[in-house]
Structure formats: C-alpha cells, structure tokens
Amino acid sequence: MTDRSVTSRTVAQHIESVTHHSVSARTIRRRLQQSGLSARHPLLGLLMTQNHRRLQRQWCDERRMWVAEWNEVVFTDESRICLQHHDGRIRVWRYRGERMMNSCVMHRHTGPAPGIMVWGGIGY
C-alpha cells in the first residue's frame, strides 16, 4: 500500500475502473481488516530536523541524573484549535505497531490561521 490515507471508496472505484467489476467499499475495508490493517487516526507531529533531534537528546542527557530538581520544574504546553482547516477526520491504514512510521504520520502546518489557543501547565 503506497498511499495509506486512501479511502476504501477510492480503492473500490479504482478496482472498478481497472477490472470493470463492482466491489463495495465495505468489502475493501473487510479484506484490509482481515489482513491486519485498520483505519486509524494518524499521529500528528511537527517536522523535526537532525539538529532538533540532537538538541532534544542533549537536553535529556543533561538532566538524566536529576531527582530533587524536578520539584522546581513546571511543564507547559499549548494547543491550537484551527478554525479554518480540515476537521482531522483523515485516517491511515496501518498495522499495529506502525504508529510512528513516517507514512502513518500527518505533519501539521503551523502557519498563521484563525484559531483558538489553549494553554496549561503541570508541576510537582
């Protein structure tokens, strides 16, 4: 399977155009599930360069022996709800354990668009 985000309806239409035999989208889904594939939400992630990965590893290595220091750390994160793009109902066909494969990750756009920002933090 080269395009994991292709829908079962698109596969059925392709099979019909090539073989001139009608196949239902439900049959396609059932056959894919029987082979171990299932339609799941893709992992959303930002593109990371080799430099990003190196810096992330360096940060972790510097704090590997921390015990009491974690009491003074607050982790924060923000999440953006985009009001302009798709609603995220894209699914990819994958086997169990393939969540982190590049073909199963949907890289997201981080440019300006109307939306809502939600921020939160957690500490010791």
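**Figure 1. Order of helices and strands along the protein chain.** Read along the sequence, the protein chain of this predicted model runs α-α-β-β-α-β-β-β-β. The secondary structure amounts to three helices and six strands. The protein chain has 124 residues, of which 16% count as buried. Among contacts between residues at least 6 apart in sequence, 81% join residues at least 24 apart.

**Figure 2. Helix 1 and the residue that follows it.** Helix 1 covers residues 8–19, and Ser8 belongs to it. The 12 residues of helix 1, at 1.5 Å a residue, should span 16 Å; the C-alpha atoms at its ends are 16 Å apart, so the expected and computed spans agree. Just after helix 1 comes His20, with a positive phi of about 60 degrees. His20 is a residue other than glycine, and its phi is positive. This residue sits in the loop between helix 1 and helix 2. His20 has a relative accessible area of 67% and counts as exposed, because that value is over 50%.

**Figure 3. Packing of helix 1 against helix 2.** Two packed helices are described by the angle between their axes and by the distance between those axes. Helix 2 covers residues 25–34, and its axis comes within 8 Å of the axis of helix 1. The two axes cross at roughly 110 degrees. Helix 1 and helix 2 are therefore roughly perpendicular to each other, because angles of 65 to 115 degrees are classed that way. On the helix 1 side, the residues that meet helix 2 are Ser8, Arg9, Val11, Ala12 and Ile15. Their partners in helix 2 are Ala25, Ile28 and Arg29.

**Figure 4. Surroundings of Ser8.** Is Ser8 in helix 1 buried or exposed? Its relative accessibility is 8%, so Ser8 counts as buried, the limit being under 20%. Leaving out residues up to four places away in sequence, Ser8 touches Ala25, Ile28, Arg29 and Trp93. Three residues of this list, Ala25, Ile28 and Arg29, are also named in the meeting of helix 1 with helix 2. With Arg29, the side chain of Ser8 makes a polar contact to the side chain at 3.0 Å.

**Figure 5. Ser24 in the loop between helix 1 and helix 2.** Ser24 lies in the loop that joins helix 1 to helix 2. The relative accessible area of Ser24 is 37%, and this residue is partly exposed because the value falls between 20% and 50%. From Ser24 to Val11, the C-alpha to C-alpha distance is 9.4 Å. Ser24 and Val11 are 13 residues apart in sequence. Val11 is one of the helix 1 residues that meet helix 2.

**Figure 6. Aromatic residues around Trp70 and Phe75.** The structure holds three aromatic pairs. In the pair formed by Trp70 and Phe75, the ring centres are 5.9 Å apart and the ring planes are at 20 degrees, so the pair is stacked. The cut-off for stacking is an angle under 30 degrees between the planes. Trp70 and Phe75 belong to one aromatic cluster that also includes Trp59 and Trp66. Trp70 is partly exposed, with a relative accessible area of 28%. Phe75 counts as partly exposed as well, at 44% relative accessibility.

**Figure 7. Ser79 in strand 3 and its contacts.** Strand 3 covers residues 74–82 and contains Ser79. Which residues does Ser79 contact, leaving aside its neighbours within four places in sequence? They are Ile116, Met117 and Val118. Ser79 and Gly120 are 41 residues apart in sequence, while their C-alpha atoms are 8.7 Å apart in space. At 43% relative accessibility, Ser79 counts as partly exposed.

Technical notes. Residues numbered from 1 in each chain as written. Predicted model: local features only at pLDDT ≥ 70, side-chain atom pairs only at ≥ 80, totals over all residues. Heavy atoms only, no water. Helix = DSSP H or I, 4+ residues; strand = E, 2+ residues; numbered from the N terminus. Buried < 20%, exposed > 50% of the residue type's maximum accessible area, 1.4 Å probe, protein only. Polar contact = N/O pair within 3.5 Å; in protein donor to acceptor, adjacent residues only side chain to side chain. Contact = heavy atoms within 4.5 Å. Expected span 1.5 Å × (residues − 1). Phe/Tyr/Trp six-rings, centres within 6.5 Å; stacked < 30°, edge-to-face > 60°. Axes fitted to C-alpha atoms, helices over the stretch in contact; angles between N-to-C directions. Parallel < 35°, antiparallel > 145°, perpendicular 65-115°, else oblique.
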